[in-house]
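Visitor: I have a structure to look at and I'm new to it. Could you walk me through some of it?

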Amino acid sequence: MIHLTDLQIRHLLADDAMNRHMLATAFIELEQQQAAQLARQRIEAQGVKLSTLAAVLPNQGVAGAKVYTTIQGRFTFVIILFSTETGAVLAVLDAEQITKKRTAACSVLMAQQFACANPKKLAVFGLGTQGTEHVIQMAEAFNFEQIEIVTRQPYAEKIERLQDQLRTTVISSTAEQAIVDADIIVTATRSTTPLIIGNGLKSNTFIAAVGSSLPTTRELSDLVIQKADMIVVESKEQSLKEAGDLILSSHVHSSEKLHTVGEVLANKMLPSESYELVIYKAVGVALEDIVLAGLAYKNFVKN
């Protein structure tokens, strides 16, 4: 039995462009009914939560399930990977790196689709695992002149390290200042109340809201949701059960502006030239985990 650790997976999935290519391919296959996924299921007893989600990708030769615990706000992830040709177990993979990688990769994929040409300013709310990975992957994909970070806690040393690593201006900012003239905004927090109210957003803004998959939490206000020309989600079924940004808003449920990533990529959908705002609301779906687990496994075998 092959067991791939997070340290191994970090190296096996080092090519962010290839990760995005595989994710895009998988979403198109899902849209074309050549792949399938099971929405997240959660159970809880005495403060211990167990979540599971699964996907089948025959064109990639893999199927699998991601299972994880949540105890006192801390997550432990694992993926079981099967062959779709023989049904055999291929590997068990630690999944913290996969979770981090796939979330940011999908945000970049949608930013490449919807952000304005040559975005100059990135604003990121939160500098935990996801916020940091988003800063890194976004900066590698776009040539920003400035990155502004909004956090509740001081992260001066971390921000300085990011500036040295990315060789661009990275500064701490306030919520109000960060969104001014921001071309791309990422929210990666566990906030239960909106971080972005809606005033001050420029035209042609792209927002990736990735902070939570709970129906009781939100990072975007009703006004932001209302302003959006398009809202893109990984799965309508799962998002309308889990995404508090959408569930708690009165402007989404039957909206024609709600589309899936697969729909966008398969049909090469773009907003109108005069659009104000496109939102990508992520909750994390099985397809992303399993396709990158398959890529990590194939890279391991090849090497």
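Guide: What follows is a short talk about a few helices, some aromatic rings and two single residues in this model, which is a predicted one.

Visitor: Let's start with helix 5; which of its residues are buried?

Guide: Helix 5 covers residues 156–166, and its buried residues are Ile-159, Leu-162 and Leu-166. Looking down the axis of helix 5, one finds these buried residues within an arc of 60°, so they line one face of the helix.

Visitor: And what is on the face turned away from the buried side of helix 5?

Guide: That face carries the exposed residues Ala-156, Glu-157, Glu-160, Arg-161 and Asp-164.

Visitor: What covers the buried residues of helix 5?

Guide: The cover includes helix 4 (129–141), together with strand 8 (146–150) and strand 9 (169–172).

Visitor: Which residue follows helix 5, and what is its phi?

Guide: Helix 5 is followed by Arg-167, which has a positive phi, near 55°. Helix 2 is likewise followed by a residue with a positive phi, namely Gln-33, with a value near 60°.

Visitor: Okay, helix 2 then. How many residues does it have, and how far does it reach?

Guide: Helix 2 takes in residues 16–31, which is 16 residues, and from its first C-alpha to its last it reaches 23 Å, close to the 22 Å expected at 1.5 Å a residue. At the start of helix 2, a side-chain oxygen of Asp-15 comes to within 3.2 Å of the backbone nitrogen of Ala-17.

Visitor: Which residues of helix 2 are buried, and what do they pack against?

Guide: The buried residues of helix 2 are Asp-16, Asn-19, Arg-20, Met-22, Leu-23, Ala-24, Ala-26, Phe-27 and Glu-29. They pack against strand 3 (48–57), helix 3 (96–114), helix 4, helix 10 (261–267) and helix 11 (286–302).

Visitor: You've mentioned helix 3; is Val-108, which is found there, buried or exposed?

Guide: Val-108 is buried, with a relative accessible area of 0%. Leaving aside neighbours within four places in sequence, Val-108 is in contact with Arg-20, Gln-137, Met-138 and Ala-141. Arg-20 is one of the buried residues of helix 2.

Visitor: Switching topic: how many aromatic pairs are there?

Guide: The count comes to four aromatic pairs. In one of them, the rings of Tyr-68 and Phe-75 have their centres 6.1 Å apart and their planes at 55°, so this pair is tilted, with an angle that falls between the cut-offs of 30 and 60 degrees. Phe-75 also pairs with Phe-77, and that pair is stacked, at 5.7 Å centre to centre and with 10° between the planes. Through these ring pairs, Tyr-68, Phe-75 and Phe-77 are linked into a cluster.

Visitor: What are the relative accessible areas of Tyr-68, Phe-75 and Phe-77?

Guide: Tyr-68 is buried, with a relative accessible area of 5%, and Phe-77 is also buried, at 16%, whereas Phe-75 is partly exposed, at 39%.

Visitor: Last one: where is Asp-245 found, and what does its side chain reach?

Guide: Asp-245 is found in helix 9, residues 244–247, and counts as buried at 2% relative accessibility. The side chain of Asp-245 reaches the backbone nitrogen of Glu-219 at 2.7 Å. Apart from neighbours within four places in sequence, Asp-245 is in contact with Thr-217, Arg-218, Glu-219, Leu-220, Ile-225 and Lys-281.

Notes
Residues numbered from 1 in each chain as written. Predicted model: local features only at pLDDT ≥ 70, side-chain atom pairs only at ≥ 80, totals over all residues. Heavy atoms only, no water. Buried < 20%, exposed > 50% of the residue type's maximum accessible area, 1.4 Å probe, protein only. Helix = DSSP H or I, 4+ residues; strand = E, 2+ residues; numbered from the N terminus. Arc of directions from axis to C-beta. Contact = heavy atoms within 4.5 Å. Expected span 1.5 Å × (residues − 1). Polar contact = N/O pair within 3.5 Å; in protein donor to acceptor, adjacent residues only side chain to side chain. Phe/Tyr/Trp six-rings, centres within 6.5 Å; stacked < 30°, edge-to-face > 60°.
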